[in-house]
Amino acid sequence: MRKKPTVPIIIFIIGIITLVTGLVLLIVRLVSGPATEDGEFLVKIGEWALEENSDCAENDEAEQDCSNSPKVIWTFTEIGKGKLTTNGHLNDYDFIWAIEGGKLKIETDWLYQLNDEYDYKLDQSSKKLTLNDEIIFMGREQRAPEQETE
């Protein structure tokens with residue numbers, strides 16, 4: 001008389017159930033979009049500061065300038081509107097923006113009209129906005145201008 005292998009069959013069935021559950025969860029996660037749309041996330045974070053390059057560490061005179069606030073800051077105030085500064089909010093310039101077809105389009109009312117279009121990648125978990133695979137902006141907490149130190 002032969003014993004039926006019940007323990008291996010039970011383990012096999014549990015393995016199949018675990019595999020199917022894992023595949024379903026993977027497919028659901030891949031199909032679902034980001035928790036927050038990119039435009040909403042840009043506005044939610046608000047300020048996006050240009051990441052400084054490594055030239056600061058090499059030049060002693062530039063080190064003082066690099067310790068100050070970032071030179072370029074984009075502030076996405078609402079969907080489609082924002083402000084740009086290149087000098088710590090001494091001068092703010094209005095811009096309008098849109099995300100269309102994987103591109104970030106920005107029209108800035110500066111000294112003259114600028115129309116820029118960028119391929120972008122937005123990593124919401126690390127608050128990192130990459131434009132054209134080379135320009136990096138980091139999301140940061142907004143501070144009111146009167147709270148900033150000079």
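**Exercise 1. Describe how strand β3 (residues 81–85) is joined to strand β4 (residues 92–100).**

Solution. Step 1: the two strands run antiparallel and are joined by five bridges. Strands count as paired if DSSP finds at least two bridges between them. Helices (H or I, at least four residues) and strands (E, at least two) are DSSP runs, numbered from the N terminus.

Step 2: within this pairing, K81 stands opposite I96 in β4.

Step 3: β3 and β4 form a hairpin with six residues between them. In its turn, G88 has a positive phi of about 65°.

A note on the source: this is a predicted model, in which local features need pLDDT of at least 70 and side-chain atom pairs count only at pLDDT 80 or more, while totals for chains, interfaces and linings use all residues. Residues are numbered from 1 along each chain as its sequence is written, and side-chain values use heavy atoms, with hydrogens and water left out.

**Exercise 2. Follow the pairing from β4 through β5 to β6, and place the strands in their sheet.**

Solution. Step 1: six bridges pair β4 with β5 in the antiparallel sense. I96, already met opposite K81, stands opposite E107 in β5.

Step 2: the hairpin of β4 and β5 has two residues between the strands, and G101 in the turn has a positive phi of about 60°.

Step 3: β5 pairs with strand β6 (residues 113–123) over seven bridges, again in the antiparallel sense. Here I106 stands opposite D116 in β6.

Step 4: the sheet is a closed barrel of eight strands in the order β1-β2-β3-β4-β5-β6-β7-β8, with antiparallel pairing. On average, its neighbouring strands are turned by 30° against each other, direction ignored. Such angles run from 0 to 180 degrees between N-to-C directions, with axes as lines fitted to C-alpha atoms, for helices over the stretch in contact.

**Exercise 3. Determine whether T108 is buried or exposed, and list its contacts.**

Solution. Step 1: T108 lies in strand β5 (residues 103–109).

Step 2: buried means under 20% relative accessible area, exposed over 50%, and partly exposed in between (1.4 Å probe, protein chains only). T108 counts as buried because its relative accessibility is 4%.

Step 3: contact means heavy atoms within 4.5 Å. Leaving aside neighbours within four places in sequence, T108 is in contact with L84, Y93, D94, F95, Q113 and L114.

**Exercise 4. Explain how helix α2 (residues 38–45) lies against the strands.**

Solution. Step 1: α2 lies across β1 (47–50), β2 (73–78), β4, β6, β7 and β8 (135–140), and runs at about 155° to β4.

Step 2: the buried residues in α2 are D38, G39, F41, L42 and I45. Seen down the axis of α2, they fall within an arc of 165°, so they line one face of the helix. The arc is that of the directions from the helix axis to the C-beta atoms.

Step 3: these buried residues pack against β1, β2, β4, β6, β7 and β8. G46, which follows α2, has a positive phi near 90°.

**Exercise 5. Identify where the confidence of the model is low.**

Solution. Step 1: pLDDT is the predictor's confidence in each residue, from 0 to 100. The mean for the chain is 81, and 79% of its residues reach 70 or more.

Step 2: among the elements, helix α3 (residues 55–58) has the lowest mean pLDDT (42), and strand β7 (residues 128–131) the highest (93).

Step 3: over residues 54–65 the pLDDT stays under 50, and the model has four contacts beyond four places in sequence for this stretch.
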